[in-house]
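I have a new structure to get to know today. I will jot down each thing I look up, in the order I look it up.

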Amino acid sequence: ATLAGGCCPGASHNRFAYNEAGQVRIRAGLPIYECNSRCRCGAECPNRVVQRGIRYDLCIFRTGDGRGWGVRTLQRIRKSSFVMEYVGEIITSEEAERRGQVYDRQGATYLFDLDYVEDVYTVDAAHYGNISHFVNHSCDPNLQVYNVFIENLDQRLPRIALFATRPIRAGEELTFDYNMHVDPVDAESTRMDSNFGLVGGSLGGSPRARGRIECKCGAASCRKFLF
């Protein structure tokens, strides 16, 4: 399929998310619909990006400022390029609340609410996942979260993809905002808040009630607390 032909997103009345180089061109908050097994296009279709997996050489390293492990890229990453998917075990929000209380006591942050349309499921990367498990928070991040739909079109179960917000130098640490809020651009994007780590305020009380986590990202715009 070609970009001009619209390929699969056209069938679901959504904008084509990528340019020919595979860079995301829609605003955060809008969904990405990639081609899937029901499409006639091949593996090199420009609308198959997240499903191809990580394409950059990344490595885990130990931070020197008390933030634990982190992830850096070993090669330059172009702005708006797909970097990695946040992968883990999909659990109900009720189970996430139970696990979250345990993780809070351990000082760990592995839960990612899938609240694109409603807060029903959560991704837990504590026991099953990929390198995304080690990506640290920043109040001025170089990665942005997008909701992606490929084989499964259930809007309660988006896949979480991280794209570069700016050109990233080789050797630079990769970060995303654990408490990201996206300004609605239309009805489709009104629900895209990531609320990573502390699961659903409506379930577990306010973050303040569960103990505030000090932010150590070092950004000039640092909010001082993660939640």
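How do the residues of the lining of the largest pocket divide into nonpolar, polar and charged? I find 11 nonpolar, seven polar and four charged residues there. A reminder to myself: this is a predicted model.

**Entry: the pocket itself.** I looked up the space in the largest pocket, and it comes to about 510 Å³. The pocket is lined by 22 residues, and those closest to its centre are R67, G107, T109, N136 and Y178. I like the idea behind the search: rolling a probe the size of a water molecule over the atoms shows where empty space is left.

**Entry: the whole chain.** Stepping back, I counted three helices and 11 strands. Reading from the N terminus, I noted the order α-β-β-β-β-β-α-β-β-β-β-β-β-α. The chain has 227 residues, and 49% of them count as buried. I also checked the exposed surface, which is about 11,200 Å², with 47% of it supplied by carbon and sulfur atoms. Then I turned to contacts between residues at least 6 apart in sequence: 66% of these join residues at least 24 apart.

**Entry: a record to follow up.** In UniProt I found an unreviewed entry that lists C8, C35 and C39 under "binding site". I picked C39 from that list and found it in the loop between β1 (32-33) and β2 (58-62). Is C39 buried or exposed? C39 counts as buried, because its relative accessibility is 16% and the cut-off for buried is under 20%.

**Entry: G68.** My next stop was the loop between β2 and β3 (69-73), where G68 is found. Its relative accessible area is 23%, so I wrote G68 down as partly exposed. Which residues does G68 touch, leaving aside its neighbours within four places in sequence? I noted F61, R62 and T63. I also looked up the distance from G68 to V135, which is 67 residues away along the chain: their C-alpha atoms are separated by 10.0 Å.

**Entry: T175.** V135 turned up again when I looked at T175, since T175 is in contact with it. T175 has its place in strand β11, residues 175-176. With a relative accessibility of 9%, T175 counts as buried. Beyond its neighbours within four places in sequence, the contacts of T175 also include N136, H137, S138, D140, P141, N142 and L143. I recognised N136 from my pocket entry, where it is among the residues closest to the centre of the largest pocket.

Methods:
Residues numbered from 1 in each chain as written. Predicted model: local features only at pLDDT ≥ 70, side-chain atom pairs only at ≥ 80, totals over all residues. Heavy atoms only, no water. 1 Å grid on protein atoms, 1.4 Å probe; cavity = no way out; pocket = protein on both sides within 12 Å on 5 of 7 lines; lining within 4 Å. Points joined across faces, edges and corners; volume = space filled by probe spheres on them. Nonpolar A, V, L, I, M, F, W, Y, C, P; charged D, E, K, R; others polar. UniProt positions renumbered as here; feature names shortened; annotations may be inferred. Helix = DSSP H or I, 4+ residues; strand = E, 2+ residues; numbered from the N terminus. Buried < 20%, exposed > 50% of the residue type's maximum accessible area, 1.4 Å probe, protein only. Contact = heavy atoms within 4.5 Å. Areas by Shrake-Rupley, 256 points an atom, 1.4 Å probe, with all protein chains shown as cover.
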